[in-house]
Amino acid sequence: MFSTKGRYALRVMVDLAQQDSDEFIPLKDVAARQDISKKYLEIIAKEMVKGGLITGASGKHGGYKLCKKPSDYSVGEIIELMEGSFAPVACLDEDCEKCQRASGCKTLPMWNEFYKLEKDFFYGKKLSDLLD
């Protein structure tokens, strides 16, 4: 299950992509179009800037814009930045220590298969796919 933070981040990315502009888009405009609290979007946008998904500028003509073309973003990278690893169990997380039971675990192949399906699905979708 994905949180509102991940879903809203994806909506922000779609919104910025739809503007198709090299100009910075004010967050208040995105918030109004998406019917999301500007305060909550400020938190999300800050994380997305830190993660390199968008760039921001303050001041009179400030706001946010994409760092690259919509076709160069995968949905997976957006969701994973906001939600964390897609790993369905801790032992498949890249940051996890090697599981002592892995060699004899009867469920690990199933979790691996699910992990691959989920990751392939979201990383196979581009932000540009959501614009049509």
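Here, a residue counts as exposed when its relative accessible area is over 50%, as buried when that area is under 20%, and as partly exposed in between. With that in hand, let's walk through this structure, which is a predicted model.

**Helix H5 and its two sides**

Start with H5, which runs over residues 108-124. On one side of this helix, Pro109, Glu113, Lys116, Leu117 and Gly124 are exposed. Its buried residues are Leu108, Tyr115, Glu118 and Phe122. Looking down the axis of H5, you'd find those buried residues within an arc of 95°, so they line one face of the helix. The general reason is handy to know: an α-helix has 3.6 residues a turn, so residues three or four places apart point the same way. Part of the cover over the buried residues of H5 comes from H4.

How does the length of H5 work out? At 1.5 Å a residue, its 17 residues should span 24 Å, and the end C-alpha atoms are 23 Å apart, which agrees.

**Helix H2 and its neighbours**

H2, at residues 27-34, can be read in a similar way. Its buried residues are Leu27, Val30, Ala31 and Gln34. Seen down the axis of H2, they fall within an arc of 100°, so they too line one face. Over on the other side, Lys28 and Ala32 are exposed. The buried residues of H2 pack against H1, helix H3 (38-50) and strand S2 (63-66). Just past the end of H2, Asp35 takes a positive phi of about 55°.

Here are the buried faces of the two helices together:

| Helix | Buried residues | Arc |
|---|---|---|
| H2 | Leu27, Val30, Ala31, Gln34 | 100° |
| H5 | Leu108, Tyr115, Glu118, Phe122 | 95° |

**Where H1 meets H2**

H1 covers residues 4-19, and it packs against H2 at an angle of about 110°, with the two axes 10 Å apart. The pair is therefore roughly perpendicular. Which residues of H1 and H2 meet? From H1 there are Arg11, Val12, Asp15, Leu16 and Gln19, and from H2 there are Val30, Arg33 and Gln34. The residues of this contact divide into three nonpolar, two polar and three charged.

**A stop at Asp93**

Asp93 sits in the loop between helix H4 (75-83) and helix H5. Is Asp93 buried, exposed or partly exposed? Its relative accessible area is 29%, so Asp93 is partly exposed. Leaving aside neighbours within four places in sequence, Asp93 is in contact with Ser85 and Ala87. Asp93 and Tyr115 are 22 residues apart in sequence, while their C-alpha atoms are 9.9 Å apart in space.

Notes:
Residues are numbered from 1 along each chain as its sequence is written. This is a predicted model: local features need pLDDT of at least 70, side-chain atom pairs count only at pLDDT 80 or more; totals for chains, interfaces and linings use all residues. Side-chain values use heavy atoms; hydrogens and water are left out. Axes are lines fitted to C-alpha atoms, for helices over the stretch in contact, and angles run from 0 to 180 degrees between N-to-C directions. Helices (H or I, at least four residues) and strands (E, at least two) are DSSP runs, numbered from the N terminus. Angles under 35 degrees count as roughly parallel, over 145 as roughly antiparallel, 65 to 115 as roughly perpendicular and the rest as oblique. Contact means heavy atoms within 4.5 Å. Ala, Val, Leu, Ile, Met, Phe, Trp, Tyr, Cys and Pro count as nonpolar, Asp, Glu, Lys and Arg as charged, and the others, Gly among them, as polar. Buried means under 20% relative accessible area, exposed over 50%, partly exposed in between (1.4 Å probe, protein chains only). The expected span of a helix is 1.5 Å times one less than its number of residues. The arc is that of the directions from the helix axis to the C-beta atoms.
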